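Visitor: I would like a close look at one part of this model, namely the charged side chains that are hidden from solvent and whatever surrounds them. Please take me through it in one connected account.

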Amino acid sequence: MPGERLPLGFVFRSRAKEEKAQVADKAPVTDSKQTRDPQAKKGRPTPKRSEAQSQRRSVANTTTSRKEASKRQRDERRAQLERQRQALASGDERYLPARDKGPVRKFARDFIDSRFNVAEFFLPMAVVILVLSMVRVGALQSIALLLWLVVIVLIVVDSFVTSFRLKKRLAERFPEQNRRGAVAYALMRSLQMRRLRLPKPQVKRGERP
């Protein structure tokens with residue numbers, strides 16, 4: 001009736017209900033039946049079956065490709081080592097290790113292989129000297145000690161002469177190329193017995209390289 005006052009509680013309760021109803025009307029409608037991927041974050045739609053299968057195939061293909069690449073690398077490394085082994089036996093420059101490649105290193109090898117070197121007989125002479133030193137005879141032990149000193153002096157003198165001659169020949173033959181380390185490389189080769197040297201000798205003794 002006009003002029004009748006409504007209770008304050010009724011007015012505030014009605015406005016609150018209306019505001020809640022409007023908010024509920026504006027809220028987006030979601031499908032409660034849609035499932036969420038357990039791996040996906042909240043609010044992210046579940047991937048389709050075709051997309052999931054393509055992702056699994058991509059991961060599987062990547063794993064297979066890595067295995068194939070590793071196997072191919074192992075096969076190539078094995079083939080390269082086999083080529084190097086054959087090259088060390090035949091002297092093929094194409095497949096030699098880096099330390100043996102180049103005309104300077106080849107000339108150094110040929111220079112050592114073309115002559116007799118005192119150092120290459122060090123191992124057999126050392127065995128003889130060791131046997132003599134083990135015999136409990138004073139004279140033989142003295143001879144063994146003297147032989148040991150003679151062998152050491154001969155090796156030092158021969159190595160000095162060899163390095164001097166080789167350095168001179170390398171300077172004449174390869175004036176514009178890098179000759180660093182070639183003399184040391186040759187002296188290390190001279191310490192090995194001829195039949196045990198790698199790469200195998202390609203020149204005969206007395207043959208000029």
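Guide: Glu120 and Arg197 are both buried, and in this predicted model the two side chains form a salt bridge in which the closest N and O atoms are 3.8 Å apart. The pair joins distant parts of the chain, since Glu120 sits in the loop between helix 3 and helix 4 while Arg197 belongs to the segment after helix 6, 77 residues apart. Neither residue stands alone, for salt bridges with shared partners connect Asp113, Glu120, Arg189, Arg197 and Arg205 into one network.

Arg197 also forms a salt bridge with Asp113, and here the closest N and O atoms are 2.8 Å apart. This pair again links distant parts of the chain, with Arg197 in the segment after helix 6 and Asp113 in helix 3, 84 residues apart. With a cut-off for burial of under 20% relative accessible area, Arg197 counts as buried because its relative accessibility is 0%, and Asp113 counts as buried because its value is 1%.

Helix 3 takes part in another salt bridge, in which the side chains of Arg109 and Glu93 meet at 3.3 Å, N to O. Arg109 lies in helix 3 and Glu93 in the loop between helix 2 (49-90) and helix 3, so this pair ties together parts that are 16 residues apart in sequence. The two partners differ in their exposure: Arg109 is buried, with a relative accessible area of 6%, whereas Glu93 is partly exposed at 27%. In the whole structure, the search finds 11 salt bridges.

The surroundings are best followed through helix 6, whose buried residues are Ala182, Val183, Tyr185, Ala186, Arg189 and Ser190. These residues lie on the same side of helix 6, because they cover an arc of only 160° around the axis. They pack against helix 3 and helix 5, and one of them, Arg189, is a member of the salt-bridge network described above.

Nonpolar side chains are the next topic. The largest nonpolar core has 12 residues, namely Val104, Phe107, Ala108, Phe111, Ile112, Leu166, Leu170, Phe174, Ala182, Val183, Tyr185 and Ala186. The elements that contribute two or more residues to this core are helix 3 (103-113), helix 5 (138-173) and helix 6 (182-190), and the largest share, five residues, comes from helix 3. In soluble globular proteins, nonpolar side chains tend to be buried together.

Phe107, one of the core residues, shows what the packing involves in detail: leaving aside its neighbours within four places in sequence, Phe107 is in contact with Leu166, Arg169, Leu170, Arg173, Phe174 and Pro209. There is also a second, separate core of five residues, including Ala119, Ile129, Ala144 and Val151.

Some nonpolar side chains belong to the surface instead, where Leu123, Val127, Val131, Met193 and Leu196 make a nonpolar patch of about 450 Å². Leu123 is placed in helix 4 (residues 122-134), and Leu123 counts as exposed because its relative accessibility is 51%, against the cut-off of over 50%.

Conventions: Residues numbered from 1 in each chain as written. Predicted model: local features only at pLDDT ≥ 70, side-chain atom pairs only at ≥ 80, totals over all residues. Heavy atoms only, no water. Core = buried A, V, L, I, M, F, W, Y, C linked by side-chain atoms within 4.5 Å. Buried < 20%, exposed > 50% of the residue type's maximum accessible area, 1.4 Å probe, protein only. Helix = DSSP H or I, 4+ residues; strand = E, 2+ residues; numbered from the N terminus. Contact = heavy atoms within 4.5 Å. Patch = residues over 30% accessible without salt bridge, like charges linked within 9 Å, V, L, I, M, F, W, Y side chains within 5 Å. Areas by Shrake-Rupley, 256 points an atom, 1.4 Å probe, with all protein chains shown as cover. Salt bridge = Lys/Arg side-chain N within 4 Å of Asp/Glu carboxyl O. Arc of directions from axis to C-beta.
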